[in-house]
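Please read the points below with the structure open beside the text. They concern how the chains meet and how the interior is packed.

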Amino acid sequence: MVHFTAEDKAAITGAWKKANVEEAGRESLGRLLVVYPRTQGFFHSFGNLSSASAIMDNPKVKAHDKVLTSSGEALKNIDDLKSTFAPLSELHCDKLHVDPENFKILGNVLLIVLAKHLGEEFTPEVTGWQKLAAGVAKALAYKYH
Amino acid sequence: MVLSSDDKANVKAVWSKIGSHGAEYGAEALARMFLSFPTTKTYFHHFDLSPGSAQVKAHGKKVADALTNAANHLDDLPNALSALSDLHAHKLRVDPVNFKFLSHCLLVTLAAHHSAELTPAAHASLDKFLATVSTVLTSKYR
């Protein structure tokens, strides 16, 4: 289980306030589809994903910011991510059929987007976000069967 | 996995923007990796890993120089990286998973310092480049 120190939690909530979270979420999803085209298979209904600009401008991609806003919930229950994400875990297994490896990839893309937004403030010592991404990925895989 | 001509152009463009900061970014990527992925420290138990370590700085420069060499030989990476490939296979024997950790930390470092350059397309090209380098470095393992 991931252990968050007080510094981790402060860094996470601090960055959450600074970065535009909805925008980071939309950008992360777009970049996931551009950098790892194999993930496009999960988004058949999104329409035109034929190029990097088509993906980043696609209105359905932009509207899918639920990915990050659900992470807002994670912050309120950071010490019990498994319970918080249990319903989403079941959804991703039973309905969406997403291989949990993809949660790690999306988490890493989110880290890169956050680094882009926070710039030099995102020092190596700020490890809270990497831990959070790993914790959420694990929690989302937890109910798989 | 093949680097397209667009990928090659993107990699070269980002590399020219990095300029003389390569060593600094290499060291920062290593620092990020040791902090975020502590298992990677097992390969550096003989190093001083405290912040600002001269050994980490020197090693960051080695990593950056190797990547610059790779960026200048995109059409022939196996040859350009042959010596390093031998080193990693026969001497260092770094588990392949760790190349992903370092590649990720390099991208995070670039994103923090060059957000404008790291467009989605450039991000994709760099990711492919680092993955290709990693594959070459582990190609002689067995």
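The numbered points go from conventions to the interface, then to a single arginine and the nonpolar cores.

1. This is a predicted model, in which local features need pLDDT of at least 70 and side-chain atom pairs count only at pLDDT 80 or more, while totals for chains, interfaces and linings use all residues. Residues are numbered from 1 along each chain as its sequence is written, chains are lettered from A and ligands numbered from 1 in the order in which they are written, and side-chain values use heavy atoms, with hydrogens and water left out.

2. The contact between the chains (heavy atoms within 4.5 Å) draws 20 residues from chain B and 20 residues from chain A. Together the two chains bury about 1700 Å², 67% of it on carbon and sulfur atoms, where buried area is the accessible area (1.4 Å probe) that two parts lose on being put together, summed over both. On the chain B side, B:His104, B:Pro120 and B:His123 supply 30% of the area buried against chain A, more than any other three residues.

3. As for specific polar interactions, the count of salt bridges between chain B and chain A is zero, a salt bridge being a side-chain nitrogen of Lys or Arg within 4 Å of a carboxyl oxygen of Asp or Glu. Six residue pairs, both members at pLDDT 80 or more, are nevertheless in polar contact across this interface; the term denotes a pair of N or O atoms within 3.5 Å, and within protein one must be able to donate a hydrogen and the other to accept it, with residues adjacent in sequence counted only if both atoms are side-chain atoms.

4. Helices H2 (22-36), H6 (97-113) and H7 (120-137) of chain B each supply at least two residues of the side that touches chain A (helices are DSSP runs of H or I, at least four residues, numbered from the N terminus). The largest share of that side, six residues, comes from H6(B).

5. A:Arg31 lies in helix H2 (residues 21-35) of chain A and, at 2% relative accessibility, counts as buried (under 20% relative accessible area, 1.4 Å probe, protein chains only). Its side chain makes a polar contact with the side chain of B:His123 at 3.0 Å, and A:Arg31 also touches residues including A:Tyr36, A:Met56, B:Leu118 and B:Pro120.

6. The largest nonpolar core (buried Ala, Val, Leu, Ile, Met, Phe, Trp, Tyr and Cys residues joined through side-chain atoms within 4.5 Å) has 67 residues, and A:Trp129, A:Leu132 and B:Phe129 have the most contacts inside it. H6(B) gives the largest share of this core, nine residues. Apart from this core lies another, of 17 residues, among them A:Leu29 and A:Phe46.

How values were computed:
Buried means under 20% relative accessible area, exposed over 50%, partly exposed in between (1.4 Å probe, protein chains only). Lists of a residue's contacts leave out its neighbours within four places in sequence.
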